[in-house]
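Please take the reader through this structure in running paragraphs, moving from single residues to strands, sheets and the space between them.

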Amino acid sequence: MDHQTAGKMRGMVRRVVLKNVVDTGETQTASVEVADGIWRDQVEIMQPYGVAGSVPEDGAMALALAVGGDEGDLLLMPASNPSKRMGGLKPGEVGLYDHSGNHFIISSGGIINLQAATAFRITVGGVSVVISEAGLEVTGGDVIHNGKSIGSTHTHTGVAPGSSNTGVPT
């Protein structure tokens, strides 16, 4: 193989460091240094359908592919940041995580573990459930326990004035 052909093949796939990650358009882009002092801007970062993330730039890397061997037409494979990677997963486990310690782990043992730094929120239509250090907050809708409403509109039987306890919710 001649020197020119070998150089073109080497340039088809390369590891690059990312800077200026932009996640505002139809595709996420970044600036990459393809050779010493040679930068390409607005290089598209491919992301798998249904999973999105914006990698912290301090140590972000990706594989750059020269589409059709054209080094002017680069495409980045999904980015990583080894210094922020969540490790310690057991075989069969799957995890989603961010740089501040929030994570969601699907365990091969049938347990789903969610760790949130400040709060966990579930929203469905006009109903919101928030779990935080302050406790559990439900906004909108009704709260049902064993078929009985325990929300703001439930009533009790056997209510007597004074310091007596009420009956069970109806």
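N20 lies in strand β1, and in this predicted model its phi is near 55°, a positive value in a residue other than glycine. A second asparagine can be described in similar terms: N146 has a positive phi of about 50° although it is not a glycine. The setting of N146 is the loop between β12 (144-145) and β13 (148-149), and because its relative accessibility is 69%, above the 50% cut-off, N146 counts as exposed.

N20 also appears among the contacts of T29, a residue placed in strand β2. Once neighbours within four places in sequence are left aside, T29 is in contact with N20, V21 and V22, and also with Q42, V43, E44 and I45. T29 has a relative accessible area of 14%, which is under the 20% limit, and it is therefore classed as buried.

V32 offers another view of the contacts around this part of the chain. Leaving aside its neighbours within four places in sequence, V32 is in contact with V16, V17 and L18, with I38, W39, R40 and V43, and with L74 and L76. Two of these partners return in the description of the largest nonpolar core, which has 15 residues and in which L18, V32 and L76 are the residues with the most contacts inside the core. At least two residues of this core are supplied by each of the strands β1 (13-22), β2 (28-35), β3 (38-45), β4 (61-66) and β5 (74-76).

Which side chains of β4 are buried, and which are not? In a regular strand, side chains alternate between the two faces of the sheet. Along β4 this alternation places A62, A64 and A66 on one face, where they are buried, while M61, L63 and L65 point to the other face and are not buried. The strand has pairing partners in both β1 and β5: β1 and β4 pair in the antiparallel sense over five bridges, and β4 and β5 likewise pair in the antiparallel sense, over three bridges. Within the first of these pairings, R14 stands opposite A64 in β4; within the second, L65 stands opposite L75 in β5.

Further along the chain, three strands form an open sheet in the order β6-β7-β8, with antiparallel pairing. Because β6 (94-97) and β8 (112-115) stand at the edges and each has a single partner strand, one side of each is left without a neighbour in the sheet. On average, neighbouring strands of this sheet are turned by 5° against each other, direction ignored. The pairing of β6 with strand β7 (residues 103-106) is antiparallel and runs over four bridges, and within it the bridge partner of G95 is I105 in β7.

Strand β6 also has a part in the largest pocket, since the largest share of the lining of that pocket, three residues, comes from β6. About 630 Å³ of space lies in this pocket. It is lined by 23 residues, of which G53, S54, V55, A79 and Y97 are the closest to its centre.

Another open sheet is formed by three strands in the order β9-β10-β11, and here too the pairing is antiparallel. Its edge strands are β9 (119-124) and β11 (135-139), each of which pairs on one side only, and the twist averages 10° from one strand to the next. Strand β10 (residues 127-132) and β11 pair in the antiparallel sense over five bridges, and the two strands form a hairpin with two residues between them. One of the bridges in this sheet joins S128 to T139, its partner in β11.

At the start of the chain, M1 has its place in the segment before α1 (3-10). What makes M1 count as exposed, rather than buried? Its relative accessibility is 75%, and because the class of exposed residues begins over 50%, M1 falls within that class. Even so, M1 touches A6 and M9, not counting residues up to four places away in sequence.

Key: Residues numbered from 1 in each chain as written. Predicted model: local features only at pLDDT ≥ 70, side-chain atom pairs only at ≥ 80, totals over all residues. Heavy atoms only, no water. Core = buried A, V, L, I, M, F, W, Y, C linked by side-chain atoms within 4.5 Å. Buried < 20%, exposed > 50% of the residue type's maximum accessible area, 1.4 Å probe, protein only. Contact = heavy atoms within 4.5 Å. Pairing = 2+ DSSP bridges. Axes fitted to C-alpha atoms, helices over the stretch in contact; angles between N-to-C directions. 1 Å grid on protein atoms, 1.4 Å probe; cavity = no way out; pocket = protein on both sides within 12 Å on 5 of 7 lines; lining within 4 Å. Points joined across faces, edges and corners; volume = space filled by probe spheres on them.
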